[in-house]
Amino acid sequence: MSEVALQAETLNQALPYIQRFRGQTFVVKLGGSSLGDPKNVESVIRNVLLLHHVGIRPVLVHGGGPEIDHWLGRLGIEKRQVDGLRVTDESTMEVVEMVLSGRANKVLVGEVQRLGGLAAGLSGRDGGILRAAILRPELGRVGEVTEVRPALIEAVSQAGFIPVLCSVAEGEDGGPINVNADTAASALAVALGAGKLILMTDTEGVRAVKDDPATRISHLSSEEAEAMIRDGRADRGMIPKLQAAVFAAEHGVDSVHLIHAGTQNALLIEVFTDEGIGTMLTA
């Protein structure tokens, strides 16, 4: 079945969901690893545009770790880590902001507009959307979100544009701060009163056994997610995703979805069917 035919069939089945979700804001976070595959990006953007066309208000949030590493290498800047976290000194922060606010952000804006939509590319520094405090001094300009001012995002969305936000925040000194895109998307979803937070990942969802794709969990409570973090069933990149999901679910977002960005029409299937295709987390 062609993508157009599948979208049409999915849309027909989705009418009850569309009626329920129309007018809601959905925050969709696209990870840096997904940005490296143009086919994944196109598939996700097509789904996002369909959400927009049926009256849902999507907001895209993105990171760009692999692209940052690429440009650090080209510029001869050594990548340093502490406890698995990127050290972002002043020179590294310049590259981070250049890549996220510039190249990665405009790639997504361009793709939205190539496929027939209208997008506005924003940094978390624009309009003070995201404010952050330094997380640990030894990590440099790496921080955690302390405040969200969603007015600019709301204005852009109400004007008919799809906001595309990169995860660079404004620090207490007015300078840029590198923040985790999952936690930025979560904080933004809460501030916007979003109906859903959708985390596009490089796995098909949360697994009961982390190395076994057949053990995908369809529904997870926030308590169960926290237990998975405590007992080690979730590790590495899944930990910040689950922490972001729990925060959003426990602060008013109806549901959080973790789905594979590389699965065709994953976003539509997850949102517009009972079965879904990833993991849904609720409080």
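In the classification applied to pocket linings, Ala, Val, Leu, Ile, Met, Phe, Trp, Tyr, Cys and Pro count as nonpolar, Asp, Glu, Lys and Arg as charged, and the others, Gly among them, as polar. On this basis, the lining of the second largest pocket of the predicted model divides into 5 nonpolar, 4 polar and 4 charged residues.

The second largest pocket holds about 250 Å³ of space. Its lining comprises 13 residues, of which Leu35, Gly36, Glu67, Arg103 and Val107 are the closest to the centre. Three helices, namely H3 (32–35), H4 (38–53) and H6 (90–114), each supply at least two residues of this lining. The largest share is that of H6, with 4 residues.

Helix H4 also contains His52. With a relative accessibility of 26%, His52 counts as partly exposed, because this class lies between the buried limit of under 20% and the exposed limit of over 50%. His52 and Gly117 are 65 residues apart along the chain, and a distance of 8.8 Å separates their C-alpha atoms.

Strand E2, formed by residues 57–62, is mostly covered, with 5 of its 6 residues buried. Two pairings involve this strand. Strand E1 (residues 25–30) pairs with E2 in the parallel sense over 6 bridges, and within this pairing Leu30 has His62 of E2 as its bridge partner. Strand E8 (residues 162–166) likewise pairs with E2 in the parallel sense, here over 3 bridges. In the pairing of E2 with E8, Val61 is matched by Leu165 of E8 as its bridge partner.

Helix H8 spans residues 181–192 and has 12 residues. The distance from its first C-alpha to its last is 16 Å, close to the 16 Å expected at 1.5 Å a residue. Since 9 of the 12 residues of H8 are buried, the helix is largely enclosed by the rest of the structure. The buried set consists of Ala181, Asp182, Ala184, Ala185, Ser186, Ala187, Leu188, Ala189 and Leu192. Both ends of H8 show local features. At the start of the helix, a side-chain oxygen of Asn180 comes to within 2.8 Å of the backbone nitrogen of Asp182, a residue that is itself buried. After the helix comes Gly193, which has a positive phi near 65°.

How values were computed
Residues numbered from 1 in each chain as written. Predicted model: local features only at pLDDT ≥ 70, side-chain atom pairs only at ≥ 80, totals over all residues. Heavy atoms only, no water. Buried < 20%, exposed > 50% of the residue type's maximum accessible area, 1.4 Å probe, protein only. Pairing = 2+ DSSP bridges. Expected span 1.5 Å × (residues − 1). Polar contact = N/O pair within 3.5 Å; in protein donor to acceptor, adjacent residues only side chain to side chain. 1 Å grid on protein atoms, 1.4 Å probe; cavity = no way out; pocket = protein on both sides within 12 Å on 5 of 7 lines; lining within 4 Å. Points joined across faces, edges and corners; volume = space filled by probe spheres on them.
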